[in-house]
Amino acid sequence: MIEAKTPDDISKEIDRAIVEGYKHPKLTEAIAGIRFVELIIEGTTLLWIFMGKSEDHIIIPRTYCSCKDFIIHVLSQKRKLFCYHLVAQVIAEKEGKYRRVNVDIDTCSRIINEVLEKGFSTTLRRIVLKS
């Protein structure tokens, strides 16, 4: 079990992992595929979404991911500090390999509910396809 860390400690661990060449089989594809979407409401980034092939995940950068790996191994079992989505999001943002989508609060709520209830957001996919 990993000792509890502050959000700042976790952020530093993510940065260290990137500098040390963090490896994960899906990392390169996640970044190169431009699968991250920054949701912006009234000029403010609320959260990010990882659009996977079969599942989407809600991401609060350097803090939280709704993927099963994060829920099980980070939150529940405390076996690690972060999932690969959190690392990939930081890299994608630094490299500009993501989409920015402006939405109103109702649309953002719909996207979040779809991800949590169905595992993916058809609303977000429609918006991304139009842009």
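Where does Arg62 lie? I began my notebook with this question and looked it up in the model, which is a predicted one. Arg62 lies in the loop between β3, residues 56-60, and β4.

**Entry on Arg62.** I looked up the backbone angle of Arg62 and noted that its phi is near 65 degrees, a positive value in a residue other than glycine. I wrote this down because most residues other than glycine have a negative phi. I then looked up how far Arg62 is covered, and I entered it as partly exposed because its relative accessibility is 21%, while buried means under 20%.

**Entry on Glu42.** Which loop holds Glu42? I found Glu42 in the loop between β1, residues 36-41, and β2, residues 44-51. The phi of Glu42 is near 50 degrees, and I noted that this too is a positive value in a residue other than glycine. For its surroundings I wrote that Glu42 is exposed, because its relative accessible area is 78% and the word exposed is used for values over 50%.

**Entry on Ser66.** Is Ser66 buried or exposed? I first placed Ser66 in the loop between β4, residues 64-65, and α3, residues 68-76. I then entered Ser66 as buried, because its relative accessibility is 18% and the limit for buried is under 20%. When I followed the side chain of Ser66, I saw that it reaches the backbone nitrogen of Ile58 at 2.8 Å.

**Entry on a nonpolar patch.** Which residues make the nonpolar surface patch of about 230 Å²? I listed Ile71, Ile72 and Leu75 as the residues that make this patch. I looked up one of them, Ile72, and found its place in helix α3. I entered Ile72 as partly exposed, because its relative accessible area is 39% and partly exposed covers what falls between buried, under 20%, and exposed, over 50%.

**Entry on a positive patch.** I then turned to charge, and noted that Arg110, Lys118, Arg126 and Lys130 gather in a patch of positive charge on the surface. The elements that give two or more residues to this positive patch are α5, residues 105-118, and α6, residues 122-130. How does Arg110 count at 40% relative accessibility? I placed Arg110 in helix α5, and I entered it as partly exposed because of that value of 40%.

Definitions and conventions. Residues numbered from 1 in each chain as written. Predicted model: local features only at pLDDT ≥ 70, side-chain atom pairs only at ≥ 80, totals over all residues. Heavy atoms only, no water. Patch = residues over 30% accessible without salt bridge, like charges linked within 9 Å, V, L, I, M, F, W, Y side chains within 5 Å. Areas by Shrake-Rupley, 256 points an atom, 1.4 Å probe, with all protein chains shown as cover. Salt bridge = Lys/Arg side-chain N within 4 Å of Asp/Glu carboxyl O. Lys, Arg positive; Asp, Glu negative; His and termini not counted. Charge placed at Lys NZ, Arg CZ, Asp CG, Glu CD. Helix = DSSP H or I, 4+ residues; strand = E, 2+ residues; numbered from the N terminus. Buried < 20%, exposed > 50% of the residue type's maximum accessible area, 1.4 Å probe, protein only. Polar contact = N/O pair within 3.5 Å; in protein donor to acceptor, adjacent residues only side chain to side chain.
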